[in-house]
Amino acid sequence: MKNLLDFFLKYNYWFLFILLEVISFVLLFRFNNYQAGAFFTSSNQVAGAIYEMASNVTGYFHLKTINDDLVQKNVQLELQIENLRNALLGYTADSTEIEKLKEDALNGYSLYKAKVIKNSLTHADNYITIDKGEKDGIRTDMGVVSGSGIVGIVYLTSSNYSVVIPVLNSKSSISCKIQKSDYFGFLKWDGGSSEYAIVKDMPRHSLFSLGDTVVTSGHSTVFPAGIPIGTVEDITDSHDGLSYLLKVKLFTDFGRLNAVRVISQKGQDERLELEQRLKTNKK
Amino acid sequence: MIKNLHRIEWFVGLVLLQVLILNQMHVNGYATPFFYIYFILKFNSKISRNSLMLWAFALGLTVDIFSNTPGMNAAACVCLAFLRTPLLRLVTLRDVDDAFRPGIKTLGVAVFFRYTLLTCGLFCSILLLIDTFSFFNLPVLFFKVLTSTLATILCVFCAELIGRRNSEKRF
């Protein structure tokens, strides 16, 4: 007995080592569960506040390029609107029709402004923290977009901050389609460059070509249909040979993401609650 | 007491430096320096393994909380703290009994370089191995470990050279 006690005392650091490693790995794998606490992430109060301060400073560094992009985009959009208006006027003599179309586009969705305060690109699982939380109406599973395209889906929320799973995360899976032909697949990320993602499960008989635009499909409550994702860069066969694998160049530049919008579908809560009720009834 | 206060100062400083600046630094996804382990490297050689591991765990977890990777840095830090004593004994030929604070001054450049190489290499291997669980790609992983280790060593030596000038600041 004494020997045993001596043994434990002598090698006590082994037990502490194993204990601490076990705690670390429990935290690591628990985080993969959906309901993981927001405390151990950068959406907790202290970390969020520090990142917010830092991003208030660093946010200015990219303003010039961001401004250039916005001006460019503005000009493009203005030209586009002008063309569309002219085209539309050709079809309908009534100009109030155009106003109605504009309203319809975002009907059923509301947008929340948010700012990225923490971002990473180099991990296998990247996360983005934004400066809006439950207080501002952000809920889990809302979609996040930037001016140029899709960003990701809200994963965890605390009262003032939220963590977003961007496209650049192995857990991310977003339903998408080829804009021209409506064939759909899943947008995944396989690590590597932050400029490219892949589309899986594109059927063999689908029609598309290099340079086609990929947009969200609107099959889920998260994103409305038609939000731009990227353009097809390369086409290969999937490993099982049953579908195509598309390499997509993303429109969103994750390296200098700053202002984003969170999209919430009106009635999303109601729909989720309904689905939740269905699940509990089944049990 | 003063000693602990000093340690906490270093702790906060290194964590902020790591999460606000160094974590954003990379060359095309490679060569991120993990300079915050300098905190673990510089502990006095006489410190007990248990308290070193507890400090390392707290340090790793704090960095984790900021970078949304709960448990990853903590696991790697604890492992580093656990293996620091044997590694230190491996590179130094001196009597284990006298206490010293690892540094260029106490160990000399060559020995300290070997010590940093071993500890940084070990830490980067563990950390990046855990990080790339999902898409395992050996050449990429190897290159990442190599570049990150070099970047970390570079940072540690810079800190050593700066620290030599105002050497009265110790913890």
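Chain A holds six helices and twelve strands. Helices are DSSP runs of H or I with at least four residues, strands are runs of E with at least two, and both are numbered from the N terminus. The model is predicted: local features need pLDDT of at least 70, side-chain atom pairs count only at pLDDT 80 or more, and totals for chains, interfaces and linings use all residues. Residues are numbered from 1 along each chain as its sequence is written, and chains are lettered from A in the order in which they are written.

**Exercise 1.** Find what share of chain A is buried, and what share of its contacts is long in sequence.

Solution. Chain A has 283 residues, and 41% of them count as buried. Buried means under 20% relative accessible area, exposed over 50%, and partly exposed in between, with a 1.4 Å probe and protein chains only. Next, take the contacts in chain A with a separation of 6 or more: residues 24 or more positions apart account for 59% of them. A contact means heavy atoms within 4.5 Å.

**Exercise 2.** Place A:K132 and list its contacts.

Solution. Start with the backbone: A:K132 sits in the loop between β2 (128-130) and β3 (143-145) of chain A. Its relative accessibility is 23%, so A:K132 counts as partly exposed. Now look beyond four places in sequence: A:K132 touches A:K113, A:A114, A:I138, A:N160, A:Y161 and A:S162. Take A:Y161 from that list. A:K132 and A:Y161 are 29 residues apart in sequence, yet 4.7 Å apart in space, C-alpha to C-alpha.

**Exercise 3.** Describe how α4 and α6 of chain B pack.

Solution. Helix α4 spans residues 72-91 and helix α6 spans residues 109-131. Their axes are 9 Å apart, at an angle of about 155°. Axes are lines fitted to C-alpha atoms, for helices over the stretch in contact, and angles run from 0 to 180 degrees between N-to-C directions. α4(B) and α6(B) are therefore roughly antiparallel, a label for angles over 145 degrees. The residues of this contact divide into 19 nonpolar, two polar and three charged.

**Exercise 4.** Work out where B:N23 lies and whether B:N23 is buried or exposed.

Solution. B:N23 is in the loop between α1 (2-20) and α2 (38-41) of chain B. Its relative accessible area is 16%, so B:N23 is buried. Neighbours within four places aside, B:N23 contacts B:Q18, B:T32 and B:S67.

**Exercise 5.** Inspect the phi angles of A:D201 and B:A31.

Solution. Most residues other than glycine have a negative phi. A:D201 is not a glycine, but its phi is positive, about 60°. A:D201 lies in strand β8 (residues 196-203) of chain A. B:A31, also not a glycine, has a positive phi of about 60°. B:A31 lies in the loop between α1 and α2 of chain B.

Terms used:
Side-chain values use heavy atoms; hydrogens and water are left out. Angles under 35 degrees count as roughly parallel, over 145 as roughly antiparallel, 65 to 115 as roughly perpendicular and the rest as oblique. Ala, Val, Leu, Ile, Met, Phe, Trp, Tyr, Cys and Pro count as nonpolar, Asp, Glu, Lys and Arg as charged, and the others, Gly among them, as polar.
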